[in-house]
Amino acid sequence: QVQLVESGGGLVQPGGSLTLSCATSGSLFGISIMGWYRQAPGNQRELVAEITPDGNTDYHDSVKGRISISRDNAKNTVYLQIHSLKSEDTAVYYCNARNPPSVIRYSYWGEGTPVTVSS
């Protein structure tokens with residue numbers, strides 16, 4: 001079992017920056033592929049970025065160059081830095097932990113942290 005708690009969301013002005021954190025509990029963090037997803041009102045949840053246990057990253061095309069995902073395996077925490085925020089970044093951001101290849105399938109979600117980009 002993995003519990004995920006996101007934090008760091010809030011109201012941000014366009015052009016600003018934000019760092020989201022996802023603290024996890026349980027023993028699976030070190031082997032899990034960690035991801036950040038977001039869901040804007042009326043839209044489906046979409047993958048923003050993922051990071052493997054050894055630090056390989058992947059980003060959605062729409063956010064490349066503005067977003068950075070990182071993880072601290074000692075603190076069981078994954079981070080998402082967002083720069084040059086736009087109104088279209090407004091969404092609830094969710095943290096996800098899923099199985100790596102060759103491990104029995106699992107997927108855990110946090111409850112999300114809202115980000116609003118507005119002046």
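This is a walk through the structure, from its disulfide to its core and its charged side chains.

A word on the model comes before the tour. The model is predicted, so local features need pLDDT of at least 70 and side-chain atom pairs count only at pLDDT 80 or more, while totals for chains, interfaces and linings use all residues. Residues are numbered from 1 along each chain as its sequence is written, and side-chain values use heavy atoms, with hydrogens and water left out.

Let us start with the cysteines. A disulfide is a covalent bond between the sulfur atoms of two cysteines; here the term is applied to a pair of cysteine sulfur atoms within 2.5 Å. Searching the whole structure turns up one disulfide. The partners are Cys-22 and Cys-95, with 2.1 Å between their sulfur atoms, and the link is left-handed, with -85° about the S-S bond. It connects distant parts of the chain: Cys-22 sits in strand S3 (residues 18-25) and Cys-95 in strand S9 (residues 91-98), 73 residues apart. Strands, here and below, are DSSP runs of E with at least two residues, numbered from the N terminus. Are these two cysteines buried or exposed? Cys-22 is buried, at a relative accessible area of 0%, and Cys-95 is buried with a value of 0%. Buried means under 20% relative accessible area, exposed means over 50%, and partly exposed is in between, with a 1.4 Å probe and protein chains only.

Next comes the nonpolar core, a term for a set of buried Ala, Val, Leu, Ile, Met, Phe, Trp, Tyr and Cys residues joined through side-chain atoms within 4.5 Å. The largest one has 30 residues, and Trp-36, Leu-80 and Tyr-93 have the most contacts inside it. At least two residues of this core come from each of S3, strand S4 (33-39), strand S5 (46-51), strand S7 (67-72), strand S8 (77-82), S9 and strand S11 (113-117). Strand S9 gives the most, with four residues. For a view from inside, try Leu-80: leaving aside neighbours within four places in sequence, its contacts (heavy atoms within 4.5 Å) include Leu-20, Trp-36, Val-48, Ile-69 and Tyr-93.

Tyr-93 makes a good second stop. This residue lies in strand S9 and counts as buried at 0% relative accessibility. Beyond its neighbours within four places in sequence, Tyr-93 is in contact with Trp-36, Val-48, Leu-80 and Val-115, among others. Glu-6 and Arg-38 are also among the contacts of Tyr-93, and both are worth following.

Glu-6 first. Its place is in strand S1 (residues 3-7), and its C-alpha atom is 8.2 Å from that of Tyr-93, although the two residues are 87 apart along the chain. Which side chain of opposite charge is nearest to Glu-6? It is Arg-45, at 7.4 Å, and Glu-6 is buried yet has no salt bridge. In the count of charges, Lys and Arg are positive and Asp and Glu negative, with His and the chain ends not counted. The side chain of Glu-6 does reach backbone: the nitrogen of Cys-95 is 2.8 Å away, and the backbone nitrogen of Gly-112 lies 2.9 Å from one of its polar atoms. Among the residues in contact with Glu-6 are also Cys-22, Trp-36 and Tyr-93.

Now to Arg-38, whose side chain is joined to that of Tyr-93 by a polar contact of 3.0 Å. A polar contact is a pair of N or O atoms within 3.5 Å; within protein, one must be able to donate a hydrogen and the other to accept it, and residues adjacent in sequence count only if both atoms are side-chain atoms. Arg-38 also forms a salt bridge with Asp-89 (2.9 Å, N to O). Because Arg-38 lies in strand S4 and Asp-89 in the loop between S8 and S9, this pair ties together parts that are 51 residues apart in sequence. Both Arg-38 and Asp-89 are buried.

A salt bridge means a side-chain nitrogen of Lys or Arg within 4 Å of a carboxyl oxygen of Asp or Glu, and the structure holds five. Another joins Arg-66 to Asp-89, with the closest N and O atoms 2.8 Å apart. Through shared partners, Arg-38, Glu-46, Arg-66 and Asp-89 form one network of salt bridges.
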